[in-house]
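Me: Could you take a close look at one part of this model for me? I would like to hear about the nonpolar residues on the surface, and then about what lies beneath.

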Amino acid sequence: MDAFLISTGLVSIAEIGDKTMLLAIVLAAAWRRPLPILLGILAATVGNHLFAAVAGAVLSHWMHGPWVRWVVGAAFLAFAVWAVIPDRFDERPDTTEKTFAGVFWTTTAAFFVIEMGDKTQVATAALAAQFGAVLPVLAGSTLGMMLVNGPAVLLGEAAARRLPMRWIRLAAAAGFAATGLWVLLTG
């Protein structure tokens with residue numbers, strides 16, 4: 001249960017203000033089709049974070065010794081620094097394809113590509129390596145993504161203007177730093 005809850009909390013906090021959240025807002029504002037956008041985000045997140053969680057769990061089986069906790073702890077401290085750096089998303093989606101399938105597949109592809117190498121994907125891999133548990137980490141990280149991107153899609157651009165992104169990024173950084181210190185201190 002720890003793997004699920006920690007993954008949900010850290011990924012949801014880290015996702016606030018992230019470029020994929022900004023993409024959700026842009027897609028919602030451009031297409032006004034929340035259901036295929038939400039389903040596309042879900043499909044992309046499951047695929048992307050499954051890859052990350054499996055990679056993290058596989059690495060945890062190959063990596064043994066006390067040095068592993070130092071690597072994982074340092075990674076979370078690096079995520080803390082990364083979280084305070086604002087993401088920018090300047091591209092607008094093509095608004096010509098508005099069918100359910102078109103919106104779904106465009107959202108799925110865009111989210112999958114944009115999430116590659118993103119801090120939430122890397123955090124998912126690190127959490128799976130830490131806990132050695134693919135499914136609870138995958139479920140938690142996916143829920144965390146949907147907890148943030150769902151409201152972003154439903155509330156659209158107006159909600160993003162009201163969120164104090166600086167404070168949210170600082171909260172994400174604090175969460176990652178606390179996890180990094182926890183890993184370093186408790187093993």
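Reply: Happy to. A nonpolar patch on the surface is formed by L35, L39, L42, V46 and F100, which together have about 390 Å² of accessible area. Please keep in mind that this is a predicted model. Helix α3 gives the largest share of the patch, four residues. One residue of the patch to look at is L35, which sits in helix α3. L35 has a relative accessible area of 51%, and because the cut-off for exposed is over 50%, L35 counts as exposed.

Now to the interior. In soluble globular proteins, nonpolar side chains tend to be buried together. In this model, the largest nonpolar core has 18 residues, and A24, L27, I37, I41, F111 and V153 are those with the most contacts inside it. At least two residues of this core come from each of α2 (19–31), α3 (34–62), α5 (100–115) and α7 (134–155). The largest share, seven residues, is supplied by α2. Another core, of seven residues, lies apart from this one, and L10, A53, A133 and V137 are among its members. Helix α3, then, supplies residues to the largest core and also gives the patch its largest share.

For a view from a single residue, try T107, which is in helix α5. Its relative accessibility is 0%, so T107 is buried. Setting aside neighbours within four places in sequence, the contacts of T107 are L27, W31, I37, G40 and I41. Of these, L27, I37 and I41 are also listed among the core residues with the most contacts.

The structure also holds one aromatic pair. The ring centres of F104 and W105 are 4.8 Å apart and the ring planes stand at 80°, so this pair is edge-to-face. What about burial for the two partners? F104 has a relative accessible area of 17% and is buried, whereas W105, at 57% relative accessibility, is exposed. The cut-offs explain the split: F104 is buried because its value is under 20%, while W105 is exposed because its value is over 50%.

One last stop is A74, in helix α4 (residues 67–83). With a relative accessible area of 40%, A74 is partly exposed. Its C-alpha atom is separated by 9.1 Å from that of A177, although A74 and A177 are 103 residues apart along the chain.

Key: Residues are numbered from 1 along each chain as its sequence is written. This is a predicted model: local features need pLDDT of at least 70, side-chain atom pairs count only at pLDDT 80 or more; totals for chains, interfaces and linings use all residues. Side-chain values use heavy atoms; hydrogens and water are left out. A nonpolar core is a set of buried Ala, Val, Leu, Ile, Met, Phe, Trp, Tyr and Cys residues joined through side-chain atoms within 4.5 Å. Buried means under 20% relative accessible area, exposed over 50%, partly exposed in between (1.4 Å probe, protein chains only). Patches are made of residues with over 30% relative accessible area and no salt bridge: like charges are joined within 9 Å, nonpolar side chains (Val, Leu, Ile, Met, Phe, Trp, Tyr) within 5 Å. Accessible areas come from the Shrake-Rupley method with a 1.4 Å probe; for residues, only the protein chains shown count as cover. A salt bridge is a side-chain nitrogen of Lys or Arg within 4 Å of a carboxyl oxygen of Asp or Glu. Contact means heavy atoms within 4.5 Å. Rings of Phe, Tyr and Trp (its six-membered ring) pair if their centres lie within 6.5 Å; planes under 30 degrees apart count as stacked, over 60 as edge-to-face and the rest as tilted.
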